[in-house]
Amino acid sequence: MATLSLNVNGQNYNVTVSNPDMPLLWVLRDLIGLTGTKYGCGIEVCGACTVLINGQPEHSCVFDASSAVGKKIVTIEGLSPDGNHPLQQAWIAHQVPQCGFCQSGMLMSCAGAMQAGHTGANEILSEVKNLCVCGTYQRVREAVQSLG
């Protein structure tokens with residue numbers, strides 16, 4: 001057992017884990033209760049589990065929770081407390097989600113690309129490698145393009 005202190009969405013949490021190598025995804029979902037981040041493939045391929053760690057997109061399904069200690073973690077719940085992040089508004093305006101399962105990861109990957117200084121749809125989307133089985137890629141492109 002280990003107790004980890006994590007800063008998630010600007011709040012500090014102390015969580016006790018059976019193994020410090022537990023994937024951050026399970027800590028976020030099962031111990032902290034933030035279920036917006038999804039489990040997809042579990043092998044860093046689909047990106048459904050993407051969160052920002054110190055502003056960088058990371059796959060929480062393979063990121064050890066102990067490696068997140070002392071870093072700022074942002075989940076979809078923390079992207080904007082009231083859902084007014086420009087990406088979230090663009091997603092709504094362009095009706096991007098179909099089943100919605102991959103959308104939190106898509107949004108976090110786009111937000112990470114924007115925080116890294118990428119601008120314009122081509123530049124932002126070139127950084128996003130997330131998979132969507134519904135095929136909402138065109139709507140994602142339209143939403144990101146609408147940001148200017």
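At 25% relative accessibility, asparagine 9 counts as partly exposed, a class that covers relative accessible areas between those of buried residues, under 20%, and exposed residues, over 50%, with a 1.4 Å probe and protein chains only. The model described here is predicted, so that local features are given where pLDDT is at least 70 and side-chain atom pairs count only at pLDDT 80 or more, while totals for chains, interfaces and linings use all residues. Residues are numbered from 1 along each chain as its sequence is written, and side-chain values use heavy atoms, with hydrogens and water left out.

Asparagine 9 lies in the loop between β1 (2-8) and β2 (11-17), helices (H or I, at least four residues) and strands (E, at least two) being DSSP runs numbered from the N terminus. The phi of asparagine 9 is near 55°, a positive value in a residue other than glycine. A positive phi, near 65°, is also found for glutamate 44, again a residue other than glycine. Glutamate 44 belongs to the loop between α1 (24-32) and β3 (50-53), and with a relative accessible area of 46% it is partly exposed. Positive phi values also occur just after two of the helices: glycine 33, just after α1, takes about 90°, and glutamine 95, just after α3, takes about 45°.

In α1, the buried residues are Leu24, Leu25, Val27, Leu28 and Ile32. These buried residues pack against β1, β2, β3 and β5 (72-74), where contact means heavy atoms within 4.5 Å.

Histidine 59 lies in strand β4 (residues 56-59) and is partly exposed, with a relative accessible area of 23%. Not counting residues up to four places away in sequence, histidine 59 touches Glu44, Gly47, Cys49 and Thr50. The C-alpha atoms of histidine 59 and isoleucine 43 are separated by 8.7 Å, the two residues being 16 residues apart along the chain. Isoleucine 43 also takes part, with Val45, Leu131 and Tyr137, in a nonpolar patch on the surface that has about 390 Å² of accessible area together. Such patches are made of residues with over 30% relative accessible area and no salt bridge, like charges being joined within 9 Å and nonpolar side chains (Val, Leu, Ile, Met, Phe, Trp, Tyr) within 5 Å; a salt bridge is a side-chain nitrogen of Lys or Arg within 4 Å of a carboxyl oxygen of Asp or Glu, and accessible areas come from the Shrake-Rupley method with a 1.4 Å probe, only the protein chains shown counting as cover for residues. Of the patch members, leucine 131 is placed in the loop between α5 and α6 and, at 45% relative accessibility, counts as partly exposed.

The buried residues of α6 (residues 137-145) are Val140, Ala143 and Val144. Seen down the axis of α6, these residues fall within an arc of 95°, so they line one face of the helix, the arc being that of the directions from the helix axis to the C-beta atoms. They pack against α3 (86-93), α4 (103-115) and α5 (121-126). In α3, Leu87, Gln88, Ala90 and Trp91 are buried, and, seen down the axis of α3, they fall within an arc of 160°, so they likewise line one face of the helix. The face of α3 turned away from its buried side carries the exposed residues Ile92 and Ala93, whereas the cover of the buried residues includes α2, α4 and α6.

The largest nonpolar core, a set of buried Ala, Val, Leu, Ile, Met, Phe, Trp, Tyr and Cys residues joined through side-chain atoms within 4.5 Å, has 22 residues, of which Leu87, Trp91, Met106, Cys110, Leu125, Val140 and Val144 touch the most other members. At least two residues of this core are supplied by each of α2 (76-79), α3, α4, α5 and α6, and the largest share, 6 residues, comes from α4. Apart from this core lies another, of 17 residues, among them Ala2, Leu6, Val15 and Val51. Leucine 87 touches Leu107, Cys110, Ala111, Met114, Val144 and Leu147, residues up to four places away in sequence not being counted.

Alanine 116 is found in the loop between α4 and α5 and counts as partly exposed, at 49% relative accessibility. The C-alpha atoms of alanine 116 and glutamate 127, which are 11 residues apart along the chain, are separated by 9.9 Å.
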